Amino acid sequence: MTEDKYGVAMKLWKILGMAGVVGVAATGALVVKSERKRRAYAPDEVRDQLHKRYAEAAAAPVLAAAPERTRMQRLTDRFSRAR
């Protein structure tokens, strides 16, 4: 009876292992496909796209950062009972 359970467990592990191998192969195929698509751009197209993104980023307003809190203020917030 224990041999029967062992055989079933081994088949299950083999199936799971094969599913893992198939998953890794499929992921690799998708990575290769996206890499081919990425490399299909001409250098001028990439440069134009980067210039366009830079212009958009430069035109966006810069938000001012919140003022730094002192160590005492941070500790007071952390350990106050008003939470």
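These legends go with a set of close-up views of a predicted model.

**View 1. Confidence along the chain.** Before zooming in, here is how far the predictor trusts its own model. The protein chain has a mean pLDDT of 87, and 95% of its residues reach 70 or more. Confidence is highest in H2, at 92, and lowest in H1, at a mean of 87. A caution for any close-up: where pLDDT is low, the predicted coordinates should not be read in detail.

**View 2. A nonpolar patch with Leu-16 in helix H1.** Three side chains, those of Leu-12, Trp-13 and Leu-16, make up a nonpolar patch on the surface. Together they offer about 370 Å² of accessible area. Leu-16 belongs to helix H1, which covers residues 2-39. With a relative accessible area of 48%, Leu-16 is partly exposed, because the exposed class begins only over 50%.

**View 3. Helix H2 from end to end.** Helix H2 takes in residues 43-59. Its 17 residues, at 1.5 Å a residue, should span 24 Å, and the end C-alpha atoms are indeed 24 Å apart, so the two values agree. How many residues of H2 are buried? The number is 0, so this helix lies largely in the open.

**View 4. A salt bridge within H2.** The model holds 2 salt bridges by the rule applied, and this view shows the pair in H2, Asp-44 and Arg-47. Their side chains meet with an N to O distance of 2.7 Å. The two residues sit 3 apart in helix H2, about one turn of the helix. Arg-47 is partly exposed, at a relative accessible area of 42%. As background, side chains of opposite charge can pair when their charged atoms come close.

**View 5. The salt bridge of Arg-69 and Asp-77.** Here Arg-69 and Asp-77 form a salt bridge, and their closest N and O atoms are 2.4 Å apart. Is each partner buried or partly exposed? Asp-77 counts as partly exposed at 41% relative accessibility, and Arg-69 also counts as partly exposed, at 39%. Both values fall in the partly exposed class because buried means under 20%.

**View 6. Asp-48 and its distance to Thr-76.** Asp-48 is another residue of helix H2. At 52% relative accessibility, Asp-48 counts as exposed, since the class starts over 50%. Along the chain, Asp-48 and Thr-76 are 28 residues apart. In space, their C-alpha atoms are separated by 51 Å.

Notes
Residues are numbered from 1 along each chain as its sequence is written. This is a predicted model: local features need pLDDT of at least 70, side-chain atom pairs count only at pLDDT 80 or more; totals for chains, interfaces and linings use all residues. Side-chain values use heavy atoms; hydrogens and water are left out. Patches are made of residues with over 30% relative accessible area and no salt bridge: like charges are joined within 9 Å, nonpolar side chains (Val, Leu, Ile, Met, Phe, Trp, Tyr) within 5 Å. Accessible areas come from the Shrake-Rupley method with a 1.4 Å probe; for residues, only the protein chains shown count as cover. A salt bridge is a side-chain nitrogen of Lys or Arg within 4 Å of a carboxyl oxygen of Asp or Glu. Helices (H or I, at least four residues) and strands (E, at least two) are DSSP runs, numbered from the N terminus. Buried means under 20% relative accessible area, exposed over 50%, partly exposed in between (1.4 Å probe, protein chains only). The expected span of a helix is 1.5 Å times one less than its number of residues. pLDDT is the predictor's confidence in each residue, from 0 to 100.
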